[in-house]
Amino acid sequence: MKILIIDDDIAVCTSLKLLLTQKKYEVETTCSPEESLLWLRQHTPSLILMDMNYSIETDGREGLDLLQKVRIFHPLVPVILITGWASIALAVEGIKLGATDFISKPWDNESLLQSIKNNIQWAEINHDPSTASRKELDKQYQLSNIIGEHPVLMEVLSVAGKIAPTMSTVLLTGESGTGKELIADAIHQNSNRKNKAFVKVNLGGISETLFESEMFGHKKGSFTDAVADRIGRFQMAEGGTIFLDEIAELSLASQVKLLRVLQEHTYEVLGESETLKADVRVICATNRNLTEMLKAGTFREDLYYRINLIHLHIPALRQRVTDIPLLANHFIRQCCYANKLPEIQLSKEAISYLKMQSFPGNIRELKNLMERCVLMKTGQVIEQADLEIYLENSQSHTKTNVKAGLATLDEIEKEAIIKAMEVFKGNVSRVARTLGLSRGALYRRFEKHEIPYEH
Ligand SMILES: Nc1ncnc2c1ncn2[C@@H]1O[C@H](COP(=O)(O)OP(=O)(O)OP(=O)(O)O)[C@@H](O)[C@H]1O
Ligand SMILES: [Mg+2]
């Protein structure tokens, strides 16, 4: 494993070289962009550590310029930028130009080594895009509770399996009910952390004032309501995995606090001065569009790039229609077994009908539907008509609170959306979930009814 260090500061080069050779990496050091490009024309390192400033300039332009040139010769070699903490915006720009990670000066040796290891592992995985069959995947990984054979899902599972043993932070995105939590759990189960805790935290449910105390814990008396010591979620997850669900719900102030623990792998319990090390694998999830939030300034770019090193997008159920029969039959069997009921079947027409549904609630909705059918059905076969009853009911249940009177369906729809927006204070994800709509479908309805919303 060869690592190229590019830095004009000889002291930095020397101490990095010492650290890395101790860890059995081969190291090459170069002091200027020109020298490094000469070397890179003839060699391919496993990873590059790159300073952003050379000569007297301190705006980082030289680093960005060099990065772009390096990318031409070596599009796949991971590049870690070394920047001052103050120039985090620069690092973000670097990531946009193809750097894989950044580390701030003065660096923490352990974090740096971890980042190097992650980036090399991830690059190896990237070089080898797999087209493994479901059978092959099942041989390699424990994924038995995840049903599906659609190529897009298989790609997700294959990457999830490969990155499971690494320390990399993973971002899971996808609509509500697509299986984000299930996949987060699978990543933990397939890692060597599986015997340690998997701690789930719903960030949507934690207020800004309690964020630190929830995540890092507090000592009795450290603030007015701290009547007893409290163990934080990071400490509970020590040695294991923390699953930060609904990451998009974090306030900007809390985002900074989370960034620090992700960046430096350290935190402090409120009311204590000691700095603790966090050996915790972080998996984040959201059903919101984080890139839109970056543009709107409601999600920090540096945090985004920190959690986004590995991004798995889980497709909506309507994008993997071929999995619908497999999943439906799985849920029927599971429900019959759990309730000691004789097995029942889906008719051919019922299967075709299911495949035509849009399932805004995705797999969760399909699962609920199948369970209702199994529990209510007296015969041996679930017919299309049985499904129709439940699907119609579930689509109209949200409207039962609206006094129908002489209103048209459109008016009722509009009223339901406005009410839900009031109740959830304009939180689009929650409104969509409550109304059983995808976010896209909800946005289309905002436009149609001219309901104001935040982008
Ligand atoms: N591929 C799958 N095979 C079997 N069951 C699945 C699959 N995907 C999801 N499920 C089931 O569907 C339900 C919803 O999944 P999960 O909670 O992981 O979704 P989510 O993406 O986290 O949703 P939300 O955004 O609403 O939190 C769970 O009961 C889960 O077990
Ligand atoms: Mg979830």
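Look at strand S14 (residues 310–313) in this predicted model: its side chains take turns between two faces. Ile310 and Leu312 point to one face and are buried, while His311 and His313 point to the other and are not. That fits the textbook picture, in which side chains of a regular strand alternate between the two faces of the sheet. From S14 we can work outwards to its sheet, then to the second sheet, the ligand and the overall layout.

**The sheet that holds S14**

- S14 belongs to an open sheet of five strands, in the order S7-S10-S13-S6-S14, and the pairing is parallel.
- Which strands sit at the edges of this sheet? They are S7 (198–202) and S14, each of which pairs on one side only.
- From one strand to the next, the twist averages 20°.
- The partner of S14 is strand S6 (residues 170–173): the two run parallel and are joined by four bridges.
- If you want a residue pair to click on, take Leu171, whose bridge partner in S14 is His311; His311 is one of the side chains on the face that is not buried.
- Further along the sheet, strand S10 (residues 241–245) and strand S13 (residues 281–286) pair in the parallel sense, again with four bridges.
- Thr241 has Arg281 as its bridge partner in S13.

**A closer look at Lys200**

- Lys200 lies in strand S7, which is one of the edge strands.
- Is Lys200 buried or partly exposed? It has 17 C-beta neighbours inside 10 Å, and being buried takes 20 or more, so Lys200 counts as partly exposed.
- Lys200 and Ile283 are 83 residues apart in sequence, yet their C-alpha atoms are 9.5 Å apart in space.

**The other five-stranded sheet**

- There's another open sheet of five strands, ordered S2-S1-S3-S4-S5, also with parallel pairing.
- Strand S2 (26–30) and strand S5 (101–105) stand at its edges; each has a single partner strand, so one side of each is left without a neighbour in the sheet.
- Ignoring direction, neighbouring strands here are turned by 20° against each other on average.
- Strand S4 (residues 79–84) runs parallel to S5, and five bridges join them.
- Within that pair, Gly84 finds its bridge partner in Lys105 of S5.

**Around ligand 1**

- How many residues surround ligand 1? There are 16, and the closest are Ile147, Ser176, Gly179, Lys180 and Glu181.
- Two elements give two or more residues to this shell: helix H8 (180–189) and helix H16 (362–376).
- By class, the shell splits into five nonpolar, seven polar and four charged residues.
- Why does ligand 1 lie between domain 2 (147–315) and domain 3 (318–398)? Both domains give residues to its shell, so that is where the ligand sits.

**Domains and overall layout**

- The protein chain is divided into domain 1 (2–127), domain 2 (147–315), domain 3 (318–398) and domain 4 (404–449).
- Between the C-alpha centres of domain 2 and domain 4, the distance is 30 Å.
- The chain has 455 residues, 35% of them buried, and contains 20 helices and 16 strands.
- Along the principal axes, its C-alpha atoms fill a box of roughly 80 × 55 × 45 Å.

**Ile146, in a loop**

- You'll find Ile146 in the loop between helix H6 (134–140) and helix H7 (151–163).
- Ile146 has 18 other C-beta atoms within 10 Å, so it is partly exposed, since a buried residue needs 20 or more.
- From Ile146 to Gln319 it's 173 residues in sequence and 17 Å in space, C-alpha to C-alpha.

**Two helices and what follows them**

- Helix H1 (residues 10–22) has 13 residues, which should span 18 Å at 1.5 Å a residue; its end C-alpha atoms are 18 Å apart, so the two agree.
- Just after H1 comes Lys24, with a positive phi of about 70°.
- Helix H11 (residues 252–264) also has 13 residues. From its first C-alpha to its last, H11 reaches 19 Å, close to the expected 18 Å.
- His265 follows H11, and its phi is positive too, near 55°.

Conventions: Residues are numbered from 1 along each chain as its sequence is written. Chains are lettered from A and ligands numbered from 1 in the order in which they are written. The expected span of a helix is 1.5 Å times one less than its number of residues. A residue is buried if 20 or more other C-beta atoms lie within 10 Å of its own, exposed if 12 or fewer, and partly exposed in between; C-beta atoms are placed from the backbone. Two strands pair if DSSP finds at least two bridges between them. A residue is near a molecule or strand if its C-beta atom, placed from the backbone, lies within 6 Å of it. Ala, Val, Leu, Ile, Met, Phe, Trp, Tyr, Cys and Pro count as nonpolar, Asp, Glu, Lys and Arg as charged, and the others, Gly among them, as polar. Domain bounds come from an automatic or database domain assignment. Axes are lines fitted to C-alpha atoms, for helices over the stretch in contact, and angles run from 0 to 180 degrees between N-to-C directions.
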